[in-house]
Amino acid sequence: MSDEPDDRDAEGPREPGDDPDERRSVASGSDSDPTDSGDGLTKIDDADGPSLETDGEGVVSDRHNPEPTYPERDDDIGGISTPPDDEEMPLADHIEEMVLRLAVVLLFGAGGTAIGLLWASDAIEFVWFTVFPQGGDAPPPHLYNPLELWLTRIKISSLLGIMIALPAFVYECYLFMRPGLYPNERKYYLAAVPTSVVLAAGGMVFSYVLVLPLLFEYFTYYAEGSAEIAYALGDTFNLIITLTGFLAIVFQIPLFIMLAIMMGVTTRRWLAQKRLYFWAAFAGLSFMFTIDPTMMAPILVAVTMILLFEGTLLILKWVGQE
């Protein structure tokens, strides 16, 4: 026996777990057994649950379920549901399908143009003596190019081709976008196909009956007394075809507005509040695509677009659509 006091007694009572041997015994007796995997992560085997990997700060992964799970294709993701037929496709397949559908549209247009060539000469004569205010006394057309007559026949025949290709174009667009559309959107789109054709035909008739006679009457009296009037066949029909085709597109404005409102993209009230911006856009488009130094044709087209826009809003307000 030594008379010197024991250092352990001088330090006071030991706290539980101070001894390394005790810590090892406590760890071995616990429910969780941490083991080092060698990559800086510690595996914890819990008797009551699955084995987990941890880096000392939090759980990294579940050993029994290492692969993440993803929601089904038709499930809601962040509150946004996917269409029932929507599926992933490679970009090359999308491009190939788009080219094939465009080829179908061009085939319809070429067929309509070929049919129109059979009566192109009669159509030129009929249109020429209708749009001028003098009727049968209209100034005769002049040719300034050997191919001008043939090119004009092709151009006026292309109007028939466009009328035939337009419904094919709308329907092929529907088939291309169908997998990404919801059932209610498909219903709206299918209803828009015949409506689009009717509106396009209405735009052409409106151009032929009202806009073109008014425009050429202005051109004729504007030049009368200042120069001898001699209209070139090709240039005149370029203006006729451009204006007729543009008004066929312009007459789609009511359809675009109705589809946007039915699909929830916008509201009638918002369109009414932003009407001045739309008026400015209509004027810009008309002056961009209707080239006329006298400014008569762009003004007529811009006024037509504004009237269609405001008329659609008025009808929507009348039926109680907000």
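Mentor: Before we start, keep in mind that UniProt annotations may be inferred rather than shown by experiment, and that the structure above is a predicted model.

Trainee: Which residues does the UniProt annotation "transmembrane region" cover?
Mentor: The annotation comes from an unreviewed UniProt entry. In that record, the stretches covered are residues 99-120, 156-176, 188-216, 236-264, 276-291 and 297-316.

Trainee: How far apart are the end C-alpha atoms over residues 236-264?
Mentor: Residues 236-264 are among the stretches annotated in the record, and in the model they are 86% helix and 0% strand. Over residues 156-176, also annotated, the chain is 100% helix and the end C-alpha atoms are 30 Å apart. For residues 236-264, the separation of the end C-alpha atoms is 43 Å.

Trainee: Are α4 and α5 roughly parallel or roughly perpendicular to each other?
Mentor: Helix α4 spans residues 120-131 and helix α5 residues 148-177, and they pack with their axes 9 Å apart at an angle of about 85 degrees. Angles of 65 to 115 degrees count as roughly perpendicular, and α4 and α5 are therefore roughly perpendicular.

Trainee: How many nonpolar residues has the contact of α4 with α5?
Mentor: On the α4 side the contact is made by A120, S121, A123, I124 and V127, and on the α5 side by L149, T152, R153, I156 and S157. By class, one residue is charged, three are polar, and the number of nonpolar residues is six.

Trainee: What is the average pLDDT of the protein?
Mentor: Over residues 7-12 the pLDDT is below 50, and over residues 73-79 it stays under 50. Of the residues, 67% score at least 70, and the protein averages a pLDDT of 74.

Note on methods:
Residues numbered from 1 in each chain as written. Predicted model: local features only at pLDDT ≥ 70, side-chain atom pairs only at ≥ 80, totals over all residues. Heavy atoms only, no water. pLDDT = per-residue confidence, 0-100. Contact = heavy atoms within 4.5 Å. Axes fitted to C-alpha atoms, helices over the stretch in contact; angles between N-to-C directions. Helix = DSSP H or I, 4+ residues; strand = E, 2+ residues; numbered from the N terminus. Parallel < 35°, antiparallel > 145°, perpendicular 65-115°, else oblique. Nonpolar A, V, L, I, M, F, W, Y, C, P; charged D, E, K, R; others polar.
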